[in-house]
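Colleague: Hi! I have a model open and would like to talk it through with you. Could you start with the ground rules?

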Amino acid sequence: MSKSHQEQSLIRPVRRELDRIIEQEIRDGQSKNDSMHWGNTGEEIITAANMALDALAPVVGDGLPAFFHSCMEQLHRAHVQYRCDHDEDSGHGSATFHSIKAGLAELASRHGLTLPIPELPDSCTPVNVSAAQPILNGHSGTESLIKRLTRALKR
């Protein structure tokens with residue numbers, strides 16, 4: 001089996017898992033659409049999740065670290081664009097992006113990678129996330145959101 005074929009065989013299940021994370025967000029949005037209690041929250045979630053799917057569709061990777069980095073970069077760009085294009089009071093669409101990025105960081109962690117989640121800018125200026133490279137079996141100096149949340153919950 002060639003190296004390229006091996007890398008693709010590792011990426012395919014990761015992509016399927018990432019798709020499942022996003023599909024769960026879409027189902028959550030659909031369930032909220034069925035209830036008048038949630039107002040337009042369901043639409044915000046579905047819109048954000050579909051933007052994430054669209055952002056990830058063209059991503060290919062030359063190995064898992066590059067694939068994870070490209071996914072995070074595209075998700076982050078879509079997240080910034082969502083915040084610039086949508087004036088949402090509830091923040092549910094943005095929270096959807098946060099959940100998907102946290103899920104991606106957790107997937108990377110399961111593969112021995114530390115994938116930093118970039119901070120959102122205060123304005124709608126495009127951001128450079130190229131410094132957020134995943135690190136194989138090491139520390140980036142920035143803990144993942146999942147680790148920070150887990151530690152906070154244990155307190």
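Modeller: Happy to. Helices (H or I, at least four residues) and strands (E, at least two) are DSSP runs, numbered from the N terminus. This is a predicted model, where local features need pLDDT of at least 70 and side-chain atom pairs count only at pLDDT 80 or more, while totals for chains, interfaces and linings use all residues. Residues are numbered from 1 along each chain as its sequence is written, and side-chain values use heavy atoms, with hydrogens and water left out.

Colleague: Good. How many helices and strands does the chain have?

Modeller: There are 5 helices and 2 strands. Following the sequence, the pattern reads α-α-α-α-β-β-α.

Colleague: And what share of the residues counts as buried?

Modeller: Of the chain's 155 residues, 40% count as buried. Buried means under 20% relative accessible area, exposed means over 50%, and partly exposed lies in between (1.4 Å probe, protein chains only).

Colleague: Let's go to the salt bridges. How many does the structure hold?

Modeller: It holds 4 salt bridges. The term stands for a side-chain nitrogen of Lys or Arg within 4 Å of a carboxyl oxygen of Asp or Glu.

Colleague: I'm looking at Glu106 and Arg110. How are they placed in helix 4?

Modeller: They are 4 residues apart in helix 4, so about one helical turn separates them. Their side chains form a salt bridge at 3.9 Å, N to O. Glu106 is partly exposed at 27% relative accessible area, whereas Arg110 is exposed at 55%.

Colleague: What about Glu73 and Arg77? Which helix are they in?

Modeller: Both sit in helix 3, again 4 residues apart and about one turn of the helix. Their salt bridge spans 2.5 Å, N to O. Glu73 counts as buried, with 17% relative accessibility, and Arg77 is partly exposed at 39%.

Colleague: Any other pair I should click on?

Modeller: Try Glu17 and Arg20, whose side chains meet in a salt bridge of 3.0 Å, N to O. They lie 3 residues apart in helix 1 (residues 3-33), so about one helical turn lies between them. Glu17 is partly exposed, at 23% relative accessible area, and Arg20 is partly exposed too, at 44%.

Colleague: Changing topic: how do helix 3 and helix 4 cross?

Modeller: The axes of helix 3 (residues 64-85) and helix 4 (residues 92-110) come within 10 Å and cross at roughly 170°. Here axes are lines fitted to C-alpha atoms, for helices over the stretch in contact, and angles run from 0 to 180 degrees between N-to-C directions.

Colleague: So what does one call that arrangement?

Modeller: The two helices are therefore roughly antiparallel to each other. Angles over 145 degrees count as roughly antiparallel, under 35 as roughly parallel, 65 to 115 as roughly perpendicular and the rest as oblique.

Colleague: Which residues of helix 3 and helix 4 meet?

Modeller: From helix 3, they include Phe68, Cys71, Met72, Leu75 and Tyr82, and from helix 4, Phe97, Ile100, Leu104 and Leu107 are among them. The residues of this contact divide into 12 nonpolar, 5 polar and 2 charged. Contact means heavy atoms within 4.5 Å. For the classes, Ala, Val, Leu, Ile, Met, Phe, Trp, Tyr, Cys and Pro count as nonpolar, Asp, Glu, Lys and Arg as charged, and the others, Gly among them, as polar.

Colleague: What about the largest nonpolar core? Which residues have the most contacts inside it?

Modeller: Those are Leu18, Phe68 and Leu104, in a core of 31 residues. Helix 1, helix 2 (41-56), helix 3 and helix 4 are the elements giving it two or more residues, and helix 3 gives the most, with 8. A nonpolar core is a set of buried Ala, Val, Leu, Ile, Met, Phe, Trp, Tyr and Cys residues joined through side-chain atoms within 4.5 Å.

Colleague: What is Leu18 in contact with, leaving aside neighbours within four places in sequence?

Modeller: With those set aside, Leu18 is in contact with Leu56, Cys71, Ile100, Leu104 and Leu107.

Colleague: One last residue: Arg83. Where does it lie?

Modeller: Arg83 lies in helix 3 and counts as partly exposed at 37% relative accessibility. Leaving aside neighbours within four places in sequence, Arg83 is in contact with Ser94, Leu120 and Pro121. The C-alpha atoms of Arg83 and Cys124 are separated by 7.4 Å, with the two positions 41 residues apart along the chain.
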